[in-house]
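Q: Hi! I've got a structure open on my screen and would love to talk it through with you. Can we go over it bit by bit?

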Amino acid sequence: MKSFSRLAILFSLFICFNTTAQVFNPYYNGLVDNVSASNILADLITFEDFGVKEPGTSEIDDAKNWIIGRYQSLGYTTIETQDFTVFGQNTSNIIVTKTGSLYPNTFLIIDGHYDTVNGPGANDNGSGTVLILELARLLKDIDTEYSIKFIHFSGEEEGLIGSEYYVNNTVIPENLDIKLVLNIDEVGGVAGQNNNTIICERDESPPNYNNAASALATQEMANCFGLYSNLQTQISYAYSSDYMPFENNGEVITGLYEANESPYTHGPNDIIDNMDPDYVFEVTKGTLSSALHFAVGREPLGISENHLDVSLVLYPNPTRGTLNVHLNSPIVAPLEMTIFDVLGKAVYKTTLRIENSATDVSFLENGVYIAAFQDGNRAIRKQFILNQ
Ligand SMILES: [Zn+2]
């Protein structure tokens with residue numbers, strides 16, 4: 001969708017600063033280096049060549065079968081289709097699940113729609129479709145702590161019908177435990193323009209109780225783009241795409257959208273020649289690193305982030321001003337604790353030398369914070385809420 005201009009952008013936009021809350025991860029960077037520009041271009045050509053992919057057409061069925069075939073050839077085994085109708089026309093969502101090693105029943109959802117309207121939709125949303133396929137290729141054999149669902153929705157252009165159907169018929173009845181929804185819609189850029197910026201979209205609409213977590217995740221995603229792509233980031237608000245039915249259900253959402261808005265969407269000229277495949281390549285890099293961050297990709301062998309996870313407890317959460325840290329195993333090296341605010345700015349730092357410690361954080365303003373712990377080579381970050 002996204003057919004109306006982002007008029008209010010000036011009111012909510014601010015440039016993100018790279019922060020020290022997330023450190024560069026060489027393992028993630030090595031995986032990001034495997035993002036393939038030629039794969040992305042080849043998939044965009046295939047997607048465009050299917051034609052206009054409206055629900056009920058053979059064109060969208062061809063695209064659906066191609067997407068399913070791609071996951072099959074990658075070796076994914078949990079591939080589901082969810083059938084529904086759009087104004088009487090049969091169509092399907094495609095849902096592919098990769099199981100996490102530590103939290104198999106908690107899901108990072110990475111989604112984008114594959115239906116198009118009035119044109120082949122190379123940008124809207126071929127760009128998001130091929131980006132997700134490339135992520136699925138590179139994440140297939142990566143150990144992630146959280147499960148990932150790659151979802152290709154249909155019926156988006158007619159009013160978010162596929163995602164609404166999924167929320168009502170899967171998320172709600174199955175009480176799906178969703179860590180985050182990362183929606184990708186229209187990240188193709190505009191040919192001939194300097195496509196050097198990606199918009200990271202956060203939840204600024206009611207219900208409001210999930211907005212702070214969305215702001216935090218969106219900032220973390222922007223940080224990933226700063227670390228692993230050459231794109232600049234802008235924070236803006238989420239609207240008019242498949243994350244909204246999740247948002248309305250109280251889930252934590254974030255999204256990606258091009259900063260240079262294509263004038264060609266929803267028409268016959270939404271073709272590769274009018275977009276910027278190199279931009280999709282950079283967006284894919286940032287998105288892959290974000291997926292690794294949110295699903296917590298773990299390096300095989302060697303020391304991984306979150307190694308301390310099983311043995312470190314932070315409580316109470318929310319706290320009224322005292323942060324207790326409890327380690328289940330003896331401290332072997334001084335434990336550095338750094339607290340970051342929602343913008344990633346370090347606001348407090350201390351060293352813990354005993355297994356049970358109480359830190360006064362009452363001098364901070366109420367809000368969401370990240371406590372980052374470092375113990376020699378081991379590291380873990382925990383989110384907490386201060387509400388005094
Ligand atoms: Zn779209």
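Q: Where does Pro-207 sit?
A: Pro-207 is in the loop between E8 and H7. Keep in mind as we go that this is a predicted model.

Q: And what kind of peptide bond joins Pro-206 and Pro-207?
A: A cis one, with omega at about 5 degrees.

Q: Which other residues does a cis peptide bond join?
A: Asp-124 and Asn-125 are joined by a cis peptide bond, with an omega of about 10 degrees. Asn-125 is placed in helix H5, which covers residues 122-139.

Q: Asp-124 rings a bell. Which protein donors does the zinc ion have?
A: Asp-124 is one of them, through an OD atom. His-113 gives its NE2, and Asp-185 is listed with OD twice. These donors lie 1.9 to 2.7 Å from the zinc ion.

Q: How are those donor residues spaced in sequence?
A: The pattern is H-x10-D-x60-D. His-113 and Asp-185 are 72 residues apart, so to speak a link between distant parts of the chain. His-113 belongs to strand E4 (residues 103-113), while Asp-185 is in the loop between strand E7 (177-184) and strand E8 (197-202).

Q: Is the site of the zinc ion regular or irregular?
A: Irregular: the angles among its 4 donor atoms run from 53 to 150 degrees. For reference, the ideal angle for four tetrahedral donors is 109.5 degrees.

Q: Are His-113 and Asp-185 buried or exposed?
A: His-113 is buried, at 0% relative accessibility. Asp-185 is buried as well, with a value of 0%.

Q: Switching topic: what's with the phi of Asn-118?
A: Asn-118 has a positive phi of about 65 degrees, although it is not a glycine. You'll find Asn-118 in the loop between E4 and H5. Asn-118 is partly exposed because its relative accessible area is 45%, and that class runs from 20% to 50%.

Q: And what about Val-296?
A: Val-296 also has a positive phi, about 60 degrees, without being a glycine. Its place is the loop between helix H9 (277-295) and strand E11 (297-298). At 9% relative accessibility, Val-296 counts as buried.

Q: Let's look at Glu-220. Where is it, and is it buried or exposed?
A: Glu-220 is in helix H7, residues 211-228. Its relative accessibility is 15%, so Glu-220 counts as buried.

Q: What does Glu-220 touch?
A: Leaving out residues up to four places away in sequence, Glu-220 touches Gln-22, His-293, Phe-294 and Ile-370. With His-293 there is a polar contact between the side chains, at 2.8 Å.

Q: How far is Glu-220 from Cys-200?
A: Their C-alpha atoms are 9.9 Å apart in space, and the two residues are 20 apart in sequence.

Q: How is the protein divided into domains?
A: Domain 1 covers 9-298 and domain 2 covers 309-386. Their C-alpha centres lie 32 Å apart.

Q: Which residues touch the most other members in the largest nonpolar core?
A: That core has 62 residues, and the ones touching the most other members are Tyr-71, Ile-110, Phe-150, Ile-198, Leu-256 and Val-283. Phe-150 touches, among others beyond four places in sequence, Tyr-71, Ile-94, Val-96, Ile-110 and Leu-135. A second, separate core has 18 residues, including Leu-314, Ile-331, Val-361 and Phe-373.

Q: What about Ile-272, buried or exposed?
A: Ile-272 is buried, with a relative accessibility of 12%. It's found in the loop between strand E10 (253-258) and H9.

Q: Which residues is Ile-272 in contact with?
A: Setting aside neighbours within four places in sequence, Ile-272 is in contact with Leu-41, Leu-44, Ile-45, Glu-48, Ala-122 and Pro-277. Ile-272 and Ala-191 are 81 residues apart in sequence, yet 8.6 Å apart in space, C-alpha to C-alpha.

Q: Last one: what does the side chain of Asn-25 reach?
A: The backbone nitrogen of Tyr-27, at 2.8 Å. Asn-25 lies in the loop between strand E1 (14-15) and helix H2 (26-32). Asn-25 is buried, with a relative accessible area of 15%.

How values were computed. Residues are numbered from 1 along each chain as its sequence is written. This is a predicted model: local features need pLDDT of at least 70, side-chain atom pairs count only at pLDDT 80 or more; totals for chains, interfaces and linings use all residues. Side-chain values use heavy atoms; hydrogens and water are left out. Helices (H or I, at least four residues) and strands (E, at least two) are DSSP runs, numbered from the N terminus. Buried means under 20% relative accessible area, exposed over 50%, partly exposed in between (1.4 Å probe, protein chains only). A polar contact is a pair of N or O atoms within 3.5 Å; within protein, one must be able to donate a hydrogen and the other to accept it, and residues adjacent in sequence count only if both atoms are side-chain atoms. Donors are N, O and S atoms within 2.8 Å of the metal (3.2 Å for Na, K and Ca); water is not among the atoms, so sites may look incomplete. Four donors count as tetrahedral if all angles lie between 85 and 135 degrees; four count as square planar and six as octahedral if opposite donors are over 155 degrees apart and all others between 65 and 115; anything else is irregular. Domain bounds come from an automatic or database domain assignment. A nonpolar core is a set of buried Ala, Val, Leu, Ile, Met, Phe, Trp, Tyr and Cys residues joined through side-chain atoms within 4.5 Å. Contact means heavy atoms within 4.5 Å.
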